[in-house]
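Visitor: Could you walk me through how the charged side chains pair up in this protein?

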Amino acid sequence: MKIDDKFFMKLAINEAWKYQFLTYPNPSVGCVVVKGDSEILSIEAHKEVGKAHAEVNALKEAFLKYHPNDVLKTLSNSFEIHEYLIKHHNDFFNDCTIYVTLEPCNHVGKTPSCANLLKQLKPKRVVIAHKDMNNQAKDGQKTLEEASIECEVGCMKKEAYDLLYPFLKWNSGTFIFYKMAQTLNGTIDGGKISSNQTLAYVHTLRDRIDLLVIGGNTVRTDRPTLDARYVVGTAPEVLIYSQKTIFDTQIPLFKIPNRKVTISDDLFKLLDYKFVMIEGGYTLLEKLKEKIDFLILLVTPKIRNGLNAQNIIDMDFEIIHENFIGKEKIIYLRRKVK
């Protein structure tokens, strides 16, 4: 394996994917700090909107690698970490290279400017995978170069774009992904499929999204709740995709306080939302396939008898990324337009 800029950037991209969708409405971003030629000090990511950016988490952990008992360890507020590092870095980062999947932000919002922090810390080099196209946040590279910090842009740009794509889509309109849990042989029924850890991940997604879409037949058959109780989160608004508008109101999903439930087969309603998740099986996927950006497969390592695709669907995808949730696999696929 060749240890070069791509190697370190790949680590940053992989770390960022662990938090894909969970940072909404912010982008998913990863960062790696390397001291000298190859000593990896930290691999970090932005983990939640309003919390520290990837660069701040990575710089903090890198500093603590050499100063494990420093008071910095007790700080979690992004503004406090910025201020502390600027006062106490003592040129620690001067021989470091910073690998970041998105150009460091150049503005102060809920968190301070990462470009300004790096300007003060003066690392040897900053390698950026993808430029920031957000008008408020862009031009971090310019700030760094004006401080005589060497910058390189475009390392693994395609992979960084794949990571950034949901953010770009929900910023310009609506990002829609289809979530489906299945066994190794594609079975999607026959009782509980996913582990509790994977279910907790799904509930975390429900806590983040603007709208959850589900088919009418599934609602009538499974009588779901569709909340985020595994993570004590907020239950999303629900759109039941159905031509028939009569449902048993005793079904648990109708009992969630302050939840808006819409029953409709008008898919233009999806465009009223920025971030949409569809939960369902193959039949609903076939009906809505022209609307989705990503398919997210949650695959459990089992083979079971039951319902699978079997000739009812014809779609092509590009595998964007894959990862593990415990012993189960999550696969991110982007729909190819034929």
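Guide: Sure, let's go through some salt bridges and the words used for them. The model is predicted, so local features need pLDDT of at least 70 and side-chain atom pairs count only at pLDDT 80 or more, while totals for chains, interfaces and linings use all residues. Residues are numbered from 1 along each chain as its sequence is written, and side-chain values use heavy atoms, with hydrogens and water left out.

Visitor: Why is the contact between Lys47 and Glu44 called a salt bridge?

Guide: A salt bridge needs a side-chain nitrogen of Lys or Arg within 4 Å of a carboxyl oxygen of Asp or Glu. Here the N to O distance is 3.1 Å, so the pair qualifies. The structure holds 20 salt bridges.

Visitor: What makes Glu44 buried?

Guide: Buried means under 20% relative accessible area, exposed means over 50%, and partly exposed is in between (1.4 Å probe, protein chains only). Glu44 has 13%, so it counts as buried. Lys47, at 33%, is partly exposed.

Visitor: How do you know that Arg206 forms a salt bridge with Glu279?

Guide: Their closest N and O atoms are 2.9 Å apart, so that fits the 4 Å limit. The two residues sit 73 residues apart, Arg206 in helix H7 and Glu279 in strand E10. Helices (H or I, at least four residues) and strands (E, at least two) are DSSP runs, numbered from the N terminus.

Visitor: Why is Arg206 called buried?

Guide: Its relative accessibility is 8%, so it counts as buried. Glu279, at 7%, counts as buried too.
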